[in-house]
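Okay, thanks for squeezing me in today. I'll put the structure up and then walk you through the parts I'd like you to look at.

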Amino acid sequence: MPRHTETRNLPYPPEQVFDLVADVGRYQEFLPWVAATRVRSNSGTMMIADLVVGFGALKETFASRVTKERPSRILVEYIDGPLKYLHNSWKFRPDGKGGTAIDFCVDFAFKSRIFESLAGQMFDRALRRMIQAFEDRAHQLYGGSQLAGAGAGISSSSAQSAA
């Protein structure tokens, strides 16, 4: 099923990038295809949240447990919804220049063959659009920089495998 790993550099400190990613309740404001969010519970280290994701007339809700280790890591564990599984991790490291190196990984599979087929057809394009939405949001919240838009240190790999 779709799996993607990527490393990005942003010109903001890890605390700011962590806070942006951890603010699940605002995802519908800037992430494509996120129609709504509901944070069921939230503490400094753990969150339970629902996302409503839509592609045209198709809408699905899924729940996740988000483990937060500020400012270095966010882990997302799938609880319920249209997926067989979801493993998502964000790791934030100081890059030595005042910015953050972000290691991102997502691995998931849909229960439905129809959704799996749709995801396979547009996975890379959709993922790149979502990653760009996070970068754009960071620039909007924290301002521009010489590193911003320079694509410093971007590397990625995608793989699609059968379950």
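So, the lining of the largest cavity: Glu-6, Arg-8, Leu-10, Val-17, Leu-20, Val-21, Trp-90, Ile-102, Phe-104, Ile-131, Phe-134 and Glu-135. Keep in mind that this is a predicted model. The volume of that cavity comes out at about 120 Å³, and the count of cavities of 30 Å³ or more is one. Who supplies the wall? E1, H1, E7 and H2 each put in at least two residues.

Now look at the charged names in that lining, which include Glu-6, Arg-8 and Glu-135. Those three are tied to one another in a salt-bridge network. Glu-6 has another partner too: its side chain makes a polar contact with the side chain of His-4, at 2.6 Å. His-4 sits in strand E1, which runs over residues 2-10. Is His-4 buried or exposed? Buried, because its relative accessibility is 1%, and the cut-off for buried is under 20%.

Okay, on to the greasy part. In soluble globular proteins, nonpolar side chains tend to be buried together. Here the largest nonpolar core has 36 residues. The ones with the most contacts inside it are Tyr-27, Ile-74, Leu-86, Trp-90, Phe-92 and Phe-134. Two or more residues each come from helix H1 (14-22), strands E3 (46-55), E4 (58-69), E5 (73-80), E6 (83-94) and E7 (100-110), and helix H2 (113-142). Which of them gives the most? That's H2, with six residues.

If you click on Tyr-27, you can see who it touches once you skip residues up to four places away in sequence: Leu-20, Val-21, Val-34, Thr-37, Leu-51 and Phe-134. Leu-20, Val-21 and Phe-134 are names you've heard already, as part of the cavity lining.

Leu-20 turns up again in the contacts of Arg-137. Leaving out neighbours within four places in sequence, Arg-137 is in contact with Leu-20, Arg-26, Glu-29 and Phe-30. Arg-137 is found in helix H2, and at 10% relative accessibility it counts as buried. Take Phe-30 from that list: Arg-137 and Phe-30 are 107 residues apart in sequence, but their C-alpha atoms are 6.9 Å apart in space.

Arg-26 and Glu-29, both on that contact list, also meet each other in a salt bridge, 3.1 Å from N to O. Both ends are partly exposed, Arg-26 at 38% relative accessible area and Glu-29 at 45%.

How many salt bridges does a search of the whole structure find? It finds 10. I'll pick out two more pairs.

One is Asp-50 with Arg-38, where the closest N and O atoms are 2.7 Å apart. Asp-50 lies in strand E3 and Arg-38 in strand E2 (residues 34-42), so the pair ties together parts that are 12 residues apart in sequence. Asp-50 is buried, at 9% relative accessible area, whereas Arg-38 is partly exposed, at 48%.

The other is Asp-107 with Arg-3, with 3.8 Å between the closest N and O atoms. That one links distant parts of the chain: Asp-107 is in strand E7, Arg-3 is in strand E1, and they're 104 residues apart. As you'd notice if you're a cut-off person, 3.8 Å still counts because the limit for a salt bridge is 4 Å. On burial, Asp-107 counts as buried at 15%, and Arg-3 as partly exposed at 37%.

Last thing, a couple of backbone spots for the geometry fans. Where's the cis peptide bond? It joins Arg-70 and Pro-71, with omega at about 0 degrees. Pro-71 has its place in the loop between E4 and E5.

And then there's Trp-33, in the loop between H1 and E2. Its phi is near 75 degrees, so to speak a positive value in a residue other than glycine. Trp-33 counts as partly exposed, at 22% relative accessibility.

If you want one place to start clicking, go back to Glu-6: part of the cavity lining, part of the salt-bridge network with Arg-8 and Glu-135, and in polar contact with His-4. That's all from me.

Technical notes:
Residues are numbered from 1 along each chain as its sequence is written. This is a predicted model: local features need pLDDT of at least 70, side-chain atom pairs count only at pLDDT 80 or more; totals for chains, interfaces and linings use all residues. Side-chain values use heavy atoms; hydrogens and water are left out. Helices (H or I, at least four residues) and strands (E, at least two) are DSSP runs, numbered from the N terminus. Buried means under 20% relative accessible area, exposed over 50%, partly exposed in between (1.4 Å probe, protein chains only). A polar contact is a pair of N or O atoms within 3.5 Å; within protein, one must be able to donate a hydrogen and the other to accept it, and residues adjacent in sequence count only if both atoms are side-chain atoms. A nonpolar core is a set of buried Ala, Val, Leu, Ile, Met, Phe, Trp, Tyr and Cys residues joined through side-chain atoms within 4.5 Å. Contact means heavy atoms within 4.5 Å. A salt bridge is a side-chain nitrogen of Lys or Arg within 4 Å of a carboxyl oxygen of Asp or Glu. On a 1 Å grid over the protein atoms alone, a cavity is a set of points where a 1.4 Å probe fits but cannot get out, and a pocket is an open set with protein on both sides within 12 Å along at least five of seven lines; lining residues have an atom within 4 Å of a point. Grid points are joined across faces, edges and corners, and a volume is the space filled by probe spheres set on the points.
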